[in-house]
Amino acid sequence: MQAIGDWFQQLYETTGLNFSVFYDAYDWGRYFSGLNMTLLLSVTTILLSLVIGAIGALLQGSPSMLLRLPVNAFVVLFRNTPPLVQLFFFYFGLGTMLPAVEAAGMRVPLLSNVQWAIISLSLFAGAFNVEIFRSGIEAVPRTTLEAAEALGYTRLKAYIHIVLPLAIRVCLPALNNNLVNLLKTTTLAYAIAVPETLYAVKQIWSESQNVFEMMVVLLATYGILVGVLVWLMHRWERAMNIPGYAR
Amino acid sequence: MATSWTPDRPIVQCVDVRKSFGALEVLKGISLSVRKGEVICIIGPSGSGKSTLIRCINALQPITSGSIQIEGIEVSDPRLDKLALRRKVGMVFQQYNLFPHKTALQNVMMAPIHVLGQKRAEVEVRARALLAKVRLAGKEDTYPGELSGGQQQRVAIARSLAMRPDIMLFDEVTAALDPETVKEVLVTIRELAEDGMTCILVTHEMNFAREVADHVYFTDRGVIVEHGPPETLFTAAKDERTQRFLSQVL
């Protein structure tokens, strides 16, 4: 590790390219905690958006108008408005209307900016996931569902054990795209001062005057994060491959 | 509603069953009854309502009027407990409709575990025995997509039997199969019938119907034209429509 630090220090002294995060412990600390926050945001919003998508798609297929209507309204609302505006709406709009709570002798908002970012981004990506899951569900043959029905499955149980596992296989490529987008969209949390990677890197370049170098680090960071996500999704896709099942 | 049934009464009783899809009336007053352990075959030209009838029997489709009783349970009752009904009635489809993401063994085990809440270990023993019974021992861990049509259909039969139904419905189960695999499925059904399972089959296999059925119903355009024991119906049909149909298919 020391060798890497020395090399970047050398690089700075000889060429003027200042990758401060790689030799300066303080900058590295800020960058690293920003990266952790990005990972926290990404993992929680991905999982929550999948849950929202699955529940939304189930309700959307319900025979009851009363269940379908709110889901459709939710999808339209969150798909037709910019995610940054949604984030502002939650944090500045709803956030200020909620009561503050007492914590460690201080009055703090009920939900922190990190929590609002998670809620807002999960709902945003969840709305797309609803539509993605729906496309997968529609690809499950009606007759397969009928077989489940004839075996006594309720709608919910058939959904959990038969429809959803098959639907996910069909819609994985589309889901893949949306989750990649979600990971990148976590940078919007910057706008409500969530100390994620973009926020941390911005702080570093304002102080160390190395905008170009930190931009390179930033782009490489997201490039690698998305690469890892895509690799994981492909592994998942392969793990779910069914022998002899051609779509 | 289900308490009054005793085994001396018909296990399936259809009375004046009518079913319409919009303006099109598919079943125009079907009455038939099946006793426990009986095997009945429903034959007739395409579009005569055969499949619709058996789909109505396990409430996959609601009937428009009339009555269908399974062990005294009224299928058209709006408060019908479909789960209770489907525990009594197994169904095998023309297109097998196996769950493609589960192995043969898992396909057989799923419903008893998920629907009946039975213990996995017990169900597995039974499922393995059922697969052996339909001559698929050794194929437990194979996925449906890797099995032939005839093998898939036998898994589907085992899957239905795992729910321990009192009645089995077969909806043209050999119609989608290659000629050489038809026989293996028919052998399985025949063994079931010999074991005393109540079976209702919609079929185009006339020789099979003649051989295994206790009673054969000939339907045409939504009505039962004529019915009787196979030896009578196949050799001495009274109605001219039955005669014409039989002369075309035999």
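# Exercises on a predicted two-chain model

Chain B has a mean pLDDT of 92, and 99% of its residues reach 70 or more. The model is predicted; for the complex, the predictor gives an ipTM of 0.89 and a pTM of 0.82.

## Exercise 1. Strand β8 of chain B

Determine how many residues of β8(B) are buried, and sort them by the way they point.

Solution.

1. The strand β8(B) spans residues 198–202. A residue is buried if 20 or more other C-beta atoms lie within 10 Å of its own. By this cut-off five of the five residues of β8(B) are buried, and the strand is mostly covered.
2. B:T198, B:I200 and B:V202 point one way. B:C199 and B:L201 point the other way, and these residues are buried too.
3. This sorting can be set beside a general rule: in a regular strand the side chains alternate between the two faces of the sheet.

## Exercise 2. The neighbours of β8(B)

Identify the strands that pair with β8(B), the sense of each pairing and the number of bridges. Then trace the connection from β7(B) to β8(B) and give its handedness.

Solution.

1. One partner is β3(B), residues 39–43, which pairs with β8(B) in the parallel sense over four bridges. Within this pairing, B:I40 has B:I200 as its bridge partner.
2. Another partner is β7(B), residues 167–171, also parallel to β8(B), with five bridges. Here B:M168 stands opposite B:C199.
3. From β7(B) the chain passes through helix α6(B), residues 179–194, before entering β8(B). This β-α-β crossover is right-handed.

## Exercise 3. Helix α4 of chain A

Compare the span of α4(A) with the expected value, locate its bend, and list its buried residues with elements that cover them.

Solution.

1. Helix α4(A) covers residues 83–97, 15 in number. At 1.5 Å a residue the expected span is 21 Å; from first C-alpha to last the helix reaches 20 Å, which is close to that value.
2. The helix bends by about 30° at A:F89.
3. Its buried residues are A:Q86, A:L87, A:F90 and A:Y91. Among the elements covering them are α3(A), residues 65–79, and α5(A), residues 113–138.

## Exercise 4. The contact between the chains

Count the residues in contact on each chain, and find which helix gives the largest share of the side of chain A that touches chain B.

Solution.

1. Contacts join 18 residues of chain A to 20 residues of chain B.
2. On the side of chain A that touches chain B, α6(A) (142–150) and α7(A) (155–185) each supply at least two residues.
3. The largest share of that side, six residues, comes from α6(A).

Terms used
Residues numbered from 1 in each chain as written. Chains lettered and ligands numbered in written order. Predicted model: local features only at pLDDT ≥ 70, side-chain atom pairs only at ≥ 80, totals over all residues. Buried ≥ 20, exposed ≤ 12 C-beta atoms within 10 Å, placed from the backbone. Pairing = 2+ DSSP bridges. Right-handed = clockwise from strand over helix to strand, strands pointing away. Expected span 1.5 Å × (residues − 1). Bend = angle between axes of the 7 residues up to and from the residue. Contact = placed C-beta atoms within 7 Å. pLDDT = per-residue confidence, 0-100.
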